[in-house]
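Biologist: I've got a few "how do you know that?" questions about this one. Could you put it up on the screen so we can go through it?

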Amino acid sequence: MYAMSLGEDGAELRPLEPWRAGEFLAHMDRGREFIGRYIALADAVTDLESARAYLQGYADKTAADTGRIHGIWTDGKLVGGVLFRTMDIAQGTAEAGCWLEPSAVGKGLVTRAARLIIDWAVEERGVHRVEWRAAAANEASLAVARRLGMTRDGVLREGSCHRGTRYDVEIWSVLAPEWRAGRKPSRRAG
């Protein structure tokens, strides 16, 4: 098992695998209403069987190279995660996403974790375009897209229905050359 450091605060990014279904469910129970405000994950993971099935779906995507899911741990506790909902290596595209329970908000965890997975996708897998989709009302998720240096491509008007409410969906993206340019230290003219 491996873990990737997310910084000096001890936070870690680890693969979120089916054998962690109990821990995943407990995490979801702690943050269900907060997480479920804009994304269906909280409604999809309601018991041990659905938690295991959800994680198995991503294990299958990992095996097929069409998606990935990683958890974010602080002080040994799962508090959120980042994922590639989709990956199409032949087309060079991927859609990234995230979630957090309330106890982990405001610490930069998602931004740091998303940087790691985007870096991996661009540098190791040759992904050219990484998308970020979020409900237009989800200011926290849109702020992550901005911090990642993404560009707002547009809005799918009422493009998503969640818990009976239609939401506009903003699409943000970063292209591999932009990502690489943003990762280089800036030079001062002297």
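Biologist: How many bridges join β2 to strand β3, and in which sense do the two run?

Modeller: 4 bridges join β2 to β3 (residues 68–74), and the two run antiparallel. Two strands count as paired if DSSP finds at least two bridges between them, so with 4 bridges β2 and β3 qualify. One bridge sets leucine 13 against isoleucine 72 in β3. Before we go on: this is a predicted model, where local features need pLDDT of at least 70 and side-chain atom pairs count only at pLDDT 80 or more, while totals for chains, interfaces and linings use all residues. Residues are numbered from 1 along each chain as its sequence is written, and side-chain values use heavy atoms, with hydrogens and water left out.

Biologist: What makes something a helix or a strand here?

Modeller: Both are DSSP runs numbered from the N terminus: H or I over at least four residues for a helix, E over at least two for a strand. By that rule the protein has 6 helices and 8 strands. From the N terminus on, they go β-β-α-α-α-β-β-β-α-β-α-β-β-α.

Biologist: Why is the protein called as compact as a globular protein of that length?

Modeller: Its radius of gyration is 16 Å, close to the 16 Å from the globule rule for 190 residues, so the description fits. That radius is taken over C-alpha atoms, and the rule is 2.2 Å times the number of residues to the power 0.38. The C-alpha atoms fill a box of roughly 60 × 40 × 35 Å along the principal axes.

Biologist: What pairs with β1 (residues 4–5)?

Modeller: Strand β2 (residues 12–15) does, in the antiparallel sense over 2 bridges. Serine 5 stands opposite glutamate 12 there. The two strands form a hairpin with 6 residues between them, and glycine 7 in the turn has a positive phi of about 140°.

Biologist: Which strands stand at the edges of the sheet, and why?

Modeller: The open sheet of 8 strands has the order β1-β2-β3-β4-β5-β6-β8-β7, with mixed pairing. β1 and β7 stand at the edges: each has a single partner strand, so one side of each has no neighbour in the sheet. Elsewhere in the sheet, 8 bridges join β4 (residues 77–88) to β5 (residues 93–100), running antiparallel. In that pair, threonine 86 faces glutamate 95 in β5.

Biologist: Why is arginine 163 called partly exposed?

Modeller: Buried means under 20% relative accessible area and exposed means over 50%, with partly exposed in between (1.4 Å probe, protein chains only). Arginine 163 has 42%, so it counts as partly exposed. It sits in the loop between β7 and β8 (165–175), and has a positive phi of about 50° although it is not a glycine. Glutamate 158, in strand β7 (residues 151–162), also has a positive phi without being a glycine, about 45°.

Biologist: How does alanine 26 count, at 34% relative accessibility?

Modeller: It counts as partly exposed too, because 34% falls between the two cut-offs. Alanine 26 lies in helix α1 (residues 21–35). Its C-alpha atom is 9.3 Å from that of aspartate 47, 21 residues apart along the chain.

Biologist: And how much of the protein is buried?

Modeller: Buried residues make up 43% of the 190.
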